[in-house]
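Please describe this structure for a reader who has not seen it before. Keep to plain running text, with one small table.

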2 protein chains.
Amino acid sequence: MASRAKATILDIAREAGVSKSTVSLVLQGSGLIRPETAVKVRKAIEDVGYVYNRGAANLRKAHSNVIGMVINDLTNPFFAELAVGMERVFQAAGVVPFIANTAENPVRQEEVLKSMMEQGVAGLIVSPARGTTPGAFRRIEAAGVPVVFAMRRLPESRIPAIAPDNHRGACLATEHLIRKGHRRLAFFGGSSDLVVYQERLGGFLEACEAFAIPVADRTIVEGETSRKGGMACLETALAISEPPTAALCFNDAVAFGVMLALRKRGLEAGTDFAVVGFDDVAEAEHYSPALTSVAVDTAGLGERAAHVMLKMIQSRTTRAEDHIGAVSLVVRESSGPNRNSQVGDAA
Amino acid sequence: MASRAKATILDIAREAGVSKSTVSLVLQGSGLIRPETAVKVRKAIEDVGYVYNRGAANLRKAHSNVIGMVINDLTNPFFAELAVGMERVFQAAGVVPFIANTAENPVRQEEVLKSMMEQGVAGLIVSPARGTTPGAFRRIEAAGVPVVFAMRRLPESRIPAIAPDNHRGACLATEHLIRKGHRRLAFFGGSSDLVVYQERLGGFLEACEAFAIPVADRTIVEGETSRKGGMACLETALAISEPPTAALCFNDAVAFGVMLALRKRGLEAGTDFAVVGFDDVAEAEHYSPALTSVAVDTAGLGERAAHVMLKMIQSRTTRAEDHIGAVSLVVRESSGPNRNSQVGDAA
DNA sequence: TTGATTTATTGGAACGTTCCATTTATAGCG
DNA sequence: CGCTATAAATGGAACGTTCCAATAAATCAA
């Protein structure tokens, strides 16, 4: 079947009785070669068990066909969904996305980015890890490799970002809680070194402002963006003298944690304390009680990011516009007795 | 900062006033070069904004430092956990794992594998997609690239597999249900074209046999391995004349679906119908009622798979032993009123 | 038939590394 | 001082492709 040493186009050429250039042309699907020749060559390729060496090709070619996706936390289903959305688009464009996980660790991220650059990726889609330094992408930009940020952005950076309208989403959710009659509100989870956090918290505060919620009645508890973090937030908040009666959570994981902590205290989300999440991951719908959450169309943002990347590569530019995705509040049980079921909105 | 065109070792050599060979040596951390020279070279590397071209290097070197991880469903947190376990090990070994998702699609898988081979991966860790044909890995084996299967295996294949003791896990879980007093049992979800399915169903049947459960009282419903699939399974099972009172589910996703469908009918898992899952994903613990499930130590299996791969690469062999991971039943609420809390076991 | 044009095919020079065989410099020793 | 032994640095060929310029073959116009 396959010969001993790795077969090259030279072996194919010999086998098919043509020149290596002809083989190369066939490999690239050039219309210049005579159909019969092409058939002959393709047969030889099959016979010698040839595998194309993209590394060698990239030595001559301008662009590779791989794009790197660098994700801060693959175990969060939210990011997995994002990745899947992008994959769909890239597959159709004949581009292969390689995914790498940084586990929210800037050092690891540095290594991963370096590695991807060394592989010669055509572009990079990144959801930056917490604590990424502003200069982390300087070298990559200098090398002319297009980068787009997905879901998260960096404080002062010219790199285009594709993200949901965090401010508006948080506003919508907070308004919803206030309309339900809550007057002492909390914002749970996340930390201020994340731009997303600033945006979501900003939306929360704006709504509070708009409805004249006094500053003293706004409880803000930073914390890990995980179930565990959520549990801790609730404990902290309930310990104060005039505890809040409702909370907007930084993301769904935090919200799940809050609901868990409530149950541990014999309280129920929705009736004893209102909880709203952010991201609307698939689980939100299936939780009990079902979680009210801000839907951000994750897969859609992934597709959008992929399209932007493709366009950047094509027009060999390193610049593109930001894109802010529409959000909508999906009202379920965790925020209190039902009235209506979905409040849509486009940004 | 960075020069116009991409810098190469030649540029560095010129900048540092040494030969390209010296630069190459420094890049590889050879002890042959004088420390002062190394420092000089490293400075030059920094100055010209050099990025190493691994493609070019691989043209000469035997092995690349990238390993491909091909996963059938990244949105399943179970597989994401697996991936994360492997990453830990690889990182420590200075190897970069690139992850790709096949979305349970054999055609997509073919493309992904081809692409990884073209990139010149040193090895491949694969959780094969459903319906993978036995010959899918022939060419890869012929090329001498080591492959290990994780979590799933292929019917008749010499490729080593790292997987949990599915048979034993299913046995354990079924026994648990029988001990709780159930006499009409169901096995929900999965389909017979998966080896894992055969193994888990086998364990279920063995336990039934051991406790003399008549064949007529065993209900087996195949279905999608998702929440949706689980819901459908329950509907089907409850429609028969003498419906089962307990079910072992192919995996946790199916179990969640079953619990959801129960609630829709006003029934509660644990009291009205016993449910046991498989995999023990993180959510299982947090569900309500908490899901009894077979824990398989996902991350541990991932680490094991990574180690096996590393060893195969090092000893340049394409063969290795299978590895069957220990399992344990984690008893929670969904299987009925508590008695004990965890039944451990090592295979 | 001949030259011009089009269609297929081909050799050879890159591309950016590594690695072997040398060369050059430095030190050690009697 | 001459010789060997060791340490440090180097030139050049090779790796498997692409692509340009060139050639060869086939077709056409006159």
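## Salt bridges

Arg130(A) and Asp193(A) form a salt bridge, with their closest N and O atoms 3.7 Å apart. This pair links distant parts of the chain, 63 residues apart: Arg130(A) sits in the loop between β3 (123–126) and α7 (138–142) of chain A, and Asp193(A) in the loop between β6 (185–188) and α9 (195–210) of chain A. A salt bridge here is a side-chain nitrogen of Lys or Arg within 4 Å of a carboxyl oxygen of Asp or Glu. Helices (H or I, at least four residues) and strands (E, at least two) are DSSP runs, numbered from the N terminus.

This is a predicted model, in which local features need pLDDT of at least 70 and side-chain atom pairs count only at pLDDT 80 or more, while totals for chains, interfaces and linings use all residues. Residues are numbered from 1 along each chain as its sequence is written, chains are lettered from A and ligands numbered from 1 in the order in which they are written, and side-chain values use heavy atoms, with hydrogens and water left out.

With a relative accessible area of 43%, Asp193(A) is partly exposed, and Arg130(A) counts as partly exposed at 30%. The terms are set by relative accessible area: buried is under 20%, exposed is over 50%, and partly exposed is in between (1.4 Å probe, protein chains only).

Side chains of opposite charge can pair when their charged atoms come close. Over all chains, the structure holds 38 salt bridges. Another of them joins Glu283(A) to Arg227(A), the closest N and O atoms being 3.6 Å apart. Glu283(A) belongs to helix α12 (residues 282–286) of chain A and Arg227(A) to helix α10 (residues 227–238) of chain A, so this pair ties together parts that lie 56 residues apart in sequence. Glu283(A) is buried, its relative accessible area being 8%, and Arg227(A) also counts as buried, at 17%.

In chain B, Glu303(B) forms a salt bridge with Arg88(B), and the closest N and O atoms are 3.1 Å apart. Because Glu303(B) lies in helix α13 of chain B and Arg88(B) in helix α5 (residues 77–92) of chain B, the pair ties together parts 215 residues apart in sequence. Glu303(B) is partly exposed at a relative accessible area of 27%, and Arg88(B) is partly exposed at 45%. Salt bridges that share partners also join Arg54(A), Lys114(B) and Glu118(B) into one network.

## Helix α13 of chain B

Helix α13 of chain B covers 17 residues (298–314), which at 1.5 Å a residue should span 24 Å; the end C-alpha atoms are 25 Å apart, which agrees. The expected span is 1.5 Å times one less than the number of residues. Among the buried residues of α13(B) are Leu301(B), Ala305(B), Met309(B) and Ile313(B). Just after α13(B), Arg316(B) takes a positive phi of about 35 degrees.

## The two protein copies

Chain A can be laid on chain B by a turn of 180 degrees and a shift of 0.0 Å along the axis, with an RMSD of 0.1 Å. The two copies are thus related as by a two-fold rotation axis. The superposition is by least squares on the C-alpha atoms of residues with pLDDT of at least 70 in both copies. Of the residues of chain A, Gly55(A) comes closest to the rotation axis, its C-alpha being at 2.1 Å. The copies meet through the same surface, because 100% of the interface residues of chain A are also interface residues in chain B. Contact means heavy atoms within 4.5 Å.

## The DNA strands

A residue is near a strand if one of its heavy atoms lies within 4 Å of it. Around DNA strand D there are 26 residues, of which Ser24(A), Tyr50(A), Lys20(B), Thr22(B) and Thr37(B) come nearest. DNA strand C is surrounded by 27 residues, the closest being Lys20(A), Thr22(A), Thr37(A), Ser24(B) and Tyr50(B). Of the atoms of DNA strand C that come within 4 Å of the protein, sugar and phosphate account for 67%.

For both strands, α2 and α4 of chain A and α2 and α4 of chain B each supply at least two residues of the nearby surface. The table gives polar contacts, which are pairs of N or O atoms within 3.5 Å.

| DNA atom | Protein partner | Distance |
|---|---|---|
| Phosphate oxygen, strand D | Ile9(A), polar backbone atom | 2.7 Å |
| Base oxygen, strand D | Arg60(A), side-chain N or O atom | 3.1 Å |
| Base oxygen, strand D | Lys20(B), side-chain N or O atom | 2.5 Å |
| Phosphate oxygen, strand C | Ser19(A), polar backbone atom | 2.8 Å |
| Phosphate oxygen, strand C | Thr22(A), side-chain N or O atom | 2.5 Å |
| Phosphate oxygen, strand C | Tyr50(B), side-chain N or O atom | 2.4 Å |

How values were computed. A polar contact is a pair of N or O atoms within 3.5 Å; within protein, one must be able to donate a hydrogen and the other to accept it, and residues adjacent in sequence count only if both atoms are side-chain atoms.
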